[in-house]
Amino acid sequence: LASMGHALPAEYVSALSVFQDHAPTNASGARELIAQELRENAHIILDRMGDAPIASASLAQVFESYLPSGEKVAIKVQHSRIRRDFEVDVRSVGLIMRLYEAFDPTFQFGWLLPELKSCFEMELDFVREAKNCEMMAELLHGRPQFSTPKIFWPFTTSRVLTMEFIEGAKITDVASIRNLGLDTNDVAKELVELFSEQIFVTGMMHSDPHPGNMIVRPYKGTHKPEIVLLDHGLYRYIDNTIRENFCHLWLALVEGNPAKVEKYARLLGAGQFHKFLAIILTGRPGVERLSISRIPSRQEFSKLREEARQLGVAGMTDLMAQLLESVPRDLLFILRINNLIRSIVNTLQSPVNRFVVMARASVEGLASREALSKRRGFFAYLGHEWRQRKLLLRISIIDWLMWAGSKIKGIEQTVKNTIVKYTIKDPS
């Protein structure tokens, strides 16, 4: 919720953002846990560790310390009671969901609980997080605009994680980013490129990119931004078939091709709700003319509500529950990341066209598979290359048209404001 600045009032976002990195702390409990976990190595960390945490989230708190070499490190320590509280909370939420479903049969979100439990279990294993961090570093090798903290394994266990201390600005702190001499538009573009590559190309996806998990700093003294990814506990490895179908779906959305949108949305499990999956992804009421920005009307939103009723659902909430339950779990994480990135780009007040940036990544994602055309012969390979070049050219033309439209009439911002206005007022 704290990352939904594109859809919630600023007061809600501001209040909830505290829990991203300034949740309640417990320094004494952290020292005891470090001593218990690191044993003979504990004194190396504790002797020079600060008395108070520099950040604290729902599962852990972070302290700064120094190694004997003088290197500054960040110590991530689980809250001492988090494992016990986690089990109690899961049972409590499960009971509440069952009671709610008994009183309101249209509430169909009970399937979310096992997913949430699985996610929390992954995030409670800091060894898994450290390995994910190093794997992501390998994937980002050669990409200077992205990085991850170095892990110090002698001081890392399943409950204590020691890593390189990262200085910089929180990715949504516009004033601090500008004070570093960086352009927020460059930051937004790199952010979209970073997660587009994960979703469309590699399939290895950092699944918790809220603002508290990304630091921006100048790259080696230049005015180019570098994004440092933190908190690698929650990762998702996207099934290759799902990844390829999502590549096709995104390209169809950018091209404004309703037939292809329906085809690939159905392949992704959306079924009769295929049109509404497209709306979730784009925040727009239709796909027929998605390539050219336009203002959605009140009549269009009313039409969508009527279409939902014709599909036999009680309302938009019931429709969303059925849709989200029917699609693969991998796609749920993609949808979540899509919303988080959209919110951060909105906060950075950047005109970056994430639709087009992601479309280029989807072309690359499909090319990684279709490059096998080489094995089918030279002419087949040339045909594949020609199709890719035409697609990239078409995307570039769409990019220019959308840029021109926003420059002339400021349509992009108007679209966002209108969507938020009607979405919040939707009584269903």
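Helices are DSSP runs of H or I with at least four residues, numbered from the N terminus. The exercises below apply this to a predicted model.

**Exercise 1. State in which helix A175 is found, and decide whether A175 is buried, partly exposed or exposed.**

Solution. Step one is to place the residue: A175 is found in helix α8, which covers residues 174-179. Step two is to classify its accessibility, for which the cut-offs are under 20% relative accessible area for buried and over 50% for exposed, with partly exposed in between. Since A175 has a relative accessible area of 49%, A175 is partly exposed. A further step looks along the chain, where the C-alpha atoms of A175 and L348 are separated by 9.9 Å, although these two residues are 173 residues apart in sequence.

**Exercise 2. Describe the protein as a whole through its secondary structure, its burial, its contacts and its accessible surface.**

Solution. Begin with the secondary structure, which consists of 18 helices and 10 strands. Then take burial: of the 428 residues in the protein, 49% are buried. For the contacts, consider those with a separation of 6 or more, of which 69% are accounted for by residues 24 or more positions apart. Finally, the accessible surface comes to about 21,000 Å², and 57% of this surface belongs to carbon and sulfur atoms.

**Exercise 3. Determine how α5 and α6 are oriented to each other, and then do the corresponding analysis for α10 and α12.**

Solution. For the pair formed by α5 (residues 82-103) and α6 (residues 112-123), the axes come within 11 Å and cross at roughly 170°. Angles over 145 degrees count as roughly antiparallel, and α5 and α6 are therefore roughly antiparallel to each other. The contact is made by F86, V90, V93, G94 and M97 on the α5 side, and by L113, K117, F120 and E121 on the α6 side.

For the second pair, α10 (residues 240-255) and α12 (residues 274-282) pack at an angle of about 80°, with their axes 11 Å apart. An angle from 65 to 115 degrees counts as roughly perpendicular, so α10 is roughly perpendicular to α12. Here α10 contributes F246, L249, W250 and L253 to the contact, while α12 contributes L277, A278, L281 and T282.

**Exercise 4. Identify the residues that make the nonpolar surface patch of about 360 Å², and place L95 within its helix.**

Solution. The patch is made by L95, L99 and F103. Of these residues, L95 lies in helix α5. With a relative accessible area of 44%, L95 is partly exposed, and this value satisfies the requirement of over 30% relative accessible area for a residue in a patch.

**Exercise 5. Give the count of salt bridges, and analyse the pairs K72 with E167, D231 with K76, and R266 with E262.**

Solution. The criterion is a side-chain nitrogen of Lys or Arg within 4 Å of a carboxyl oxygen of Asp or Glu, and by this rule there are 13 salt bridges. One of them joins the side chains of K72 and E167, with an N to O distance of 3.2 Å. This pair links distant parts of the chain, as K72 is in strand β3 (residues 72-78) and E167 is in the loop between β5 and β6, 95 residues apart. Both ends are partly exposed, K72 with a relative accessible area of 24% and E167 at 49% relative accessibility.

In the next pair, D231 forms a salt bridge with K76, and the closest N and O atoms are 3.3 Å apart. Because D231 lies in the loop between β9 and β10 whereas K76 lies in strand β3, the pair ties together parts that are 155 residues apart in sequence. Both D231 and K76 are buried.

The remaining pair lies within one helix: R266 and E262 meet in a salt bridge at 3.0 Å, N to O, and both lie in α11 (residues 258-267), 4 residues apart, or about one turn of the helix. R266 is partly exposed, with a relative accessible area of 41%, and E262 is partly exposed as well, at 31%. As a last step, follow shared partners, which shows that salt bridges join E64, K72 and E167 into one network.

**Exercise 6. Locate R39 and Q349, and classify the accessibility of each residue.**

Solution. R39 lies in the loop between α3 and α4, and R39 counts as exposed at 63% relative accessibility. Q349 lies in the loop between α15 and α16, and Q349 is exposed with a relative accessible area of 59%. Turning to the backbone, R39 has a positive phi of about 55° although R39 is not a glycine, and Q349, also not a glycine, has a positive phi of about 55°. For context, most residues other than glycine have a negative phi.

Technical notes
Residues are numbered from 1 along each chain as its sequence is written. This is a predicted model: local features need pLDDT of at least 70, side-chain atom pairs count only at pLDDT 80 or more; totals for chains, interfaces and linings use all residues. Side-chain values use heavy atoms; hydrogens and water are left out. Patches are made of residues with over 30% relative accessible area and no salt bridge: like charges are joined within 9 Å, nonpolar side chains (Val, Leu, Ile, Met, Phe, Trp, Tyr) within 5 Å. Accessible areas come from the Shrake-Rupley method with a 1.4 Å probe; for residues, only the protein chains shown count as cover. Helices (H or I, at least four residues) and strands (E, at least two) are DSSP runs, numbered from the N terminus. Buried means under 20% relative accessible area, exposed over 50%, partly exposed in between (1.4 Å probe, protein chains only). Axes are lines fitted to C-alpha atoms, for helices over the stretch in contact, and angles run from 0 to 180 degrees between N-to-C directions. Angles under 35 degrees count as roughly parallel, over 145 as roughly antiparallel, 65 to 115 as roughly perpendicular and the rest as oblique. Contact means heavy atoms within 4.5 Å.
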